[in-house]
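Dear colleague,

I am handing over the structure below, which you have not seen before, and underneath I set out what was found in it. Please read the notes with the structure open beside them.

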Amino acid sequence: MKKIAITTFLLIFAATLPIAALAQKNKKDKKDKTETTAKMPELKTLDDSISYLIGFDLARNLKDKVNLNIELFTKAIQEATSGKESMLSEEQMQHAYMSLNERISQAQDSEAKASSKENKDKGEAFLAKNKSEDGVKVTASGLQYKVLTEGSGVSPTAESTVKVHYTGTLIDGTKFDSSVDRGEPIEFPLNGVIKGWTEGLQLMKPGAKYMFYIPSDLGYGDRDMGPIPGGSVLIFEVELLEVK
């Protein structure tokens with residue numbers, strides 16, 4: 001990115017504050033004059049747009065975590081782009097970085113916990129209703145399942161390796177994974193997957209197809225897992241193809 005683009009934008013941006021203050025003073029002292037207004041910077045080039053994006057995105061992401069001092073913020077960027085030394089020592093910068101990272105981590109943890117609790121509440125409501133649906137059974141752990149097709153033969157144990165086809169969705173119908181869509185079943189040891197699968201697959205026999213409704217504590221818990229938000233109930237349609 002060109003330094004001149006960043007500096008130009010920051011100078012214009014910083015200038016809006018004193019211009020606005022001056023406008024208020026003129027209005028008070030000389031009511032017959034037209035009030036001065038600060039113009040927004042024009043985004044004429046791609047560098048202008050990128051410069052604006054960096055400033056806007058950074059401020060938006062930090063506004064709830066840091067009481068951002070705009071004057072120092074713009075001063076620091078102007079000095080950095082002009083090659084000046086930082087006002088902070090290496091030790092001071094390290095301390096500031098650590099404090100910032102801690103604030104960001106705390107904010108993210110708080111947001112994740114709030115989101116996870118909301119998902120848990122929705123999941124519990126779903127499971128409370130779902131357990132009364134025709135054909136749905138509930139195990140002692142809270143796992144819910146429904147037999148779609150019965151199989152035959154010997155059920156796997158927790159130490160078995162199985163081959164399955166599956167499709168996974170959230171309670172709102174969002175599909176997050178499917179071996180069926182990929183056209184390729186997967187193999188895995190039952191003791192190496194989430195608790196809901198370890199328990200549920202042991203209820204099945206080869207050739208069987210079940211629906212599993214897995215509470216979050218038998219799934220991925222409160223943590224996000226790719227497209228799966230923390231605290232989510234997981235719904236799987238699973239076909240047991242083979243026990244090895």
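**Overall layout**

Read from one end of the sequence to the other, the protein chain follows the pattern α-α-α-α-β-β-β-β-α-β-α-β-β. Please keep in mind throughout that this is a predicted model. The secondary structure of the protein chain comes to 6 helices and 7 strands, and of its 244 residues, 29% count as buried.

**Helix H3 and its ends**

Helix H3 covers residues 70-81, and with its 12 residues it reaches 17 Å from its first C-alpha to its last, which is close to the 16 Å expected at 1.5 Å a residue. At the start of H3, a side-chain oxygen of Asn69 comes to within 3.1 Å of the backbone nitrogen of Glu71. Just after H3, Gly83 takes a positive phi of about 85°.

The buried residues of this helix are Phe73, Thr74, Glu79 and Thr81. You may ask why Thr81 counts as buried: its relative accessibility is 18%, and the cut-off for buried is under 20%. The side chain of Thr81 also has a polar atom that lies 2.9 Å from the backbone oxygen of Ile77, and the backbone oxygen of Gln78 likewise lies 2.9 Å from a polar atom of that side chain.

**The largest pocket**

H3 matters again when one turns to the pocket, because the largest share of the lining of the largest pocket, 7 residues, comes from H3. Helix H2 (46-62), H3 and helix H4 (90-130) each supply at least two residues of that lining. The largest pocket has a volume of about 1,000 Å³, and of the 24 residues that line it, Leu72, Phe73, Ala76, Leu88 and Ala96 lie nearest its centre. By character, the residues of the lining divide into 15 nonpolar, 4 polar and 5 charged. Phe73 therefore appears in two places in these notes, as one of the buried residues of H3 and as one of the lining residues nearest the centre of the largest pocket.

**Strand S7 and its partners**

Further along the chain, strand S7 (residues 234-243) is joined to strand S3 (residues 161-169) by 8 bridges, and the two run antiparallel. Within S7, Val238 stands opposite Tyr166. Strand S6 (residues 209-214) also pairs with S7 in the antiparallel sense, over 6 bridges, and in this case Glu237 in S7 is the bridge partner of Met211.

**Two loop residues**

Two residues in loops remain to be described. Gly135 is found in the loop between H4 and strand S1 (136-138), where it is partly exposed, with a relative accessible area of 46%. Although Gly135 and Lys146 are 11 residues apart along the chain, their C-alpha atoms are separated by 5.6 Å.

Is Thr139, in the loop between S1 and strand S2 (144-149), buried or exposed? With a relative accessible area of 17%, Thr139 is buried, and its side chain is joined to the side chain of Glu199 by a polar contact of 2.8 Å.

With best regards

Methods
Residues are numbered from 1 along each chain as its sequence is written. This is a predicted model: local features need pLDDT of at least 70, side-chain atom pairs count only at pLDDT 80 or more; totals for chains, interfaces and linings use all residues. Side-chain values use heavy atoms; hydrogens and water are left out. Helices (H or I, at least four residues) and strands (E, at least two) are DSSP runs, numbered from the N terminus. Buried means under 20% relative accessible area, exposed over 50%, partly exposed in between (1.4 Å probe, protein chains only). A polar contact is a pair of N or O atoms within 3.5 Å; within protein, one must be able to donate a hydrogen and the other to accept it, and residues adjacent in sequence count only if both atoms are side-chain atoms. The expected span of a helix is 1.5 Å times one less than its number of residues. On a 1 Å grid over the protein atoms alone, a cavity is a set of points where a 1.4 Å probe fits but cannot get out, and a pocket is an open set with protein on both sides within 12 Å along at least five of seven lines; lining residues have an atom within 4 Å of a point. Grid points are joined across faces, edges and corners, and a volume is the space filled by probe spheres set on the points. Ala, Val, Leu, Ile, Met, Phe, Trp, Tyr, Cys and Pro count as nonpolar, Asp, Glu, Lys and Arg as charged, and the others, Gly among them, as polar. Two strands pair if DSSP finds at least two bridges between them.
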